[in-house]
Amino acid sequence: MSQQPQIDIELRNVVKEFTGRSGEFQTRAVDHVSLTIERGEFFSLLGPSGCGKTTTLRMIAGFEAASSGEILLRGKAVQDVPPFHRPVNTVFQDYALFPHMTALQNVMFGLEMENNIPRPEIRRRAEEALEMVRMTPSQFHRKPRQFSGGQQQRIALARALVKRPAVLLLDEPLGALDLKLRKEMQYELITMQNDLGITFIYVTHDQEEALTMSDRIAVMNLGKVLQVGSPEEIYETPNSRFVADFIGETNFLMGTVESHEGICATVRLDESTPIRASYRSEEALTNGQQVTVAIRPEKINIFAAEGSVKHDDGTSDEATAYREKLLRDPDIVMVEGRVEYANYIGTDTRYTIGFGNGQKLVMREQNFGLRNDTYYEVGSRVFIFWDYETARVLTH
Ligand code: ATP
């Protein structure tokens with residue numbers, strides 16, 4: 001029998017409206033959000049500035065009250081439970097350390113607020129938490145200003161972990177760090193979360209950070225959750241133009257549905273260019289409907305329309321024969337085009353290909369061999385192709 005996942009946090013139709021001094025409506029920061037977060041998950045709230053991530057986190061922490069809807073922590077409704085009695089702890093972007101206290105005193109402070117813990121026990125647990133975030137005993141007695149940004153963030157983490165919360169809420173905790181340190185801390189956070197088994201809810205506007213770290217991601221915009229899924233689901237099968245655009249780089253082609261069956265739709269981009277793309281079966285497409293087709297640059301392949309095509313395994317094909325061979329595969333979509341721009345960016349070359357009646361696609365070709373072996377001249381005739389399943393029909 002498969003085990004039911006245990007639910008740590010549930011948001012049911014949560015709304016948060018902010019009002020002005022005299023009670024007038026100002027903004028709806030969170031708009032009917034429903035989420036279920038499982039025990040031990042690394043769950044990220046991802047979205048642009050102002051989309052309601054922090055407000056959602058603050059409602060879970062208890063710093064803000066929901067205007068309507070319900071928040072449950074481990075099955076219990078918490079609207080009347082004050083922040084310090086909730087089994088959650090928050091790590092803020094600005095660390096919020098007390099400047100006059102040492103690292104150890106900062107970490108001990110949280111436990112001192114709790115009744116009935118003997119002082120030696122407080123000290124032991126605080127030292128343990130600092131060791132957990134890789135601080136050495138010689139650093140315990142330094143004040144925050146004597147630490148780097150990354151070290152201060154570790155102390156803030158230790159202060160949150162010392163209370164052994166069921167859920168740790170992290171609000172852009174790495175936002176103030178430089179890129180290299182941020183990458184190191186990302187790795188450390190994932191390792192720590194795996195070791196401790198604590199549920200992490202992580203707020204970020206950095207899509208790469210969310211993809212790297214999360215078990216699941218909720219993509220938010222204008223107070224709403226648009227899609228919840230694993231990094232792969234969000235990246236490979238975005239459910240809307242916003243999600244496809246926000247995560248990674250995407251080409252959007254506008255067209256009209258000509259026919260559709262199963263998960264394959266034929267979309268006419270212009271008089272001369274029908275292409276096939278996949279769509280979610282729950283989406284009720286109709287013929288004649290205006291849609292967007294989203295294709296990631298790295299899913300598109302290229303070869304020169306004339307001459308021979310060199311393959312990675314050292315073999316080669318004459319271009320026409322190669323084209324015919326590919327077209328025997330019913331999953332392949334191919335169009336003929338012309339290279340409009342080529343940008344060499346080291347690992348890849350980025351090509352803009354013009355095709356059809358004024359259509360354009362950006363694609364990336366990884367530079368496996370020497371540049372001259374794989375380079376397509378601006379103005380040259382090429383074929384580009386992709387598997388229809390990697391192109392998605394989006395209706396909104
Ligand atoms: P960021 O990444 O910039 O922190 P965010 O996604 O976390 O953004 P929130 O801070 O949750 O977004 O804000 C959501 C919306 O609610 C914004 O329009 C913001 O201006 C508004 N807002 C947040 N707090 C308040 C407040 N106390 N009073 C009025 N409006 C607020």
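A residue counts as buried when its relative accessible area is under 20%. In this predicted model, F385 has 8% relative accessibility, so F385 counts as buried. Let's use that residue as a way into the aromatic side chains of this protein.

First, the overall layout. The chain is divided into domain 1, residues 7-236, and domain 2, residues 249-396. The C-alpha centres of domain 1 and domain 2 lie 42 Å apart.

Now to the rings. A pair of aromatic rings is described by the distance of the centres and the angle of the planes. The count of aromatic pairs comes to eleven, and here are two among them:

| Pair | Centre to centre | Angle between planes | Arrangement |
|---|---|---|---|
| F42 and F200 | 5.5 Å | 45 degrees | tilted |
| Y322 and F385 | 6.5 Å | 80 degrees | edge-to-face |

The F42 and F200 pair links distant parts of the chain, with F42 in strand β3 (residues 42-46) and F200 in strand β8 (residues 199-204), 158 residues apart. Both F42 and F200 are buried.

The pair of Y322 and F385 links distant parts of the chain, 63 residues apart: Y322 belongs to helix α9 (residues 319-327) and F385 to strand β21 (residues 381-387). What about the partner of F385? Y322 has 13% relative accessibility, so Y322 counts as buried. Y322 and F385 also belong to one aromatic cluster, together with F303 and F383.

Finally, two arginines meet ring faces. R241 lies over the face of F252, at 4.2 Å from the ring centre, and R296 lies over the face of Y235, at 3.9 Å from the ring centre.

Terms used:
Residues are numbered from 1 along each chain as its sequence is written. This is a predicted model: local features need pLDDT of at least 70, side-chain atom pairs count only at pLDDT 80 or more; totals for chains, interfaces and linings use all residues. Side-chain values use heavy atoms; hydrogens and water are left out. Domain bounds come from an automatic or database domain assignment. Rings of Phe, Tyr and Trp (its six-membered ring) pair if their centres lie within 6.5 Å; planes under 30 degrees apart count as stacked, over 60 as edge-to-face and the rest as tilted. Helices (H or I, at least four residues) and strands (E, at least two) are DSSP runs, numbered from the N terminus. Buried means under 20% relative accessible area, exposed over 50%, partly exposed in between (1.4 Å probe, protein chains only). A charge sits over a ring if NZ of Lys or CZ of Arg is within 6 Å of the ring centre and within 35 degrees of the ring normal.
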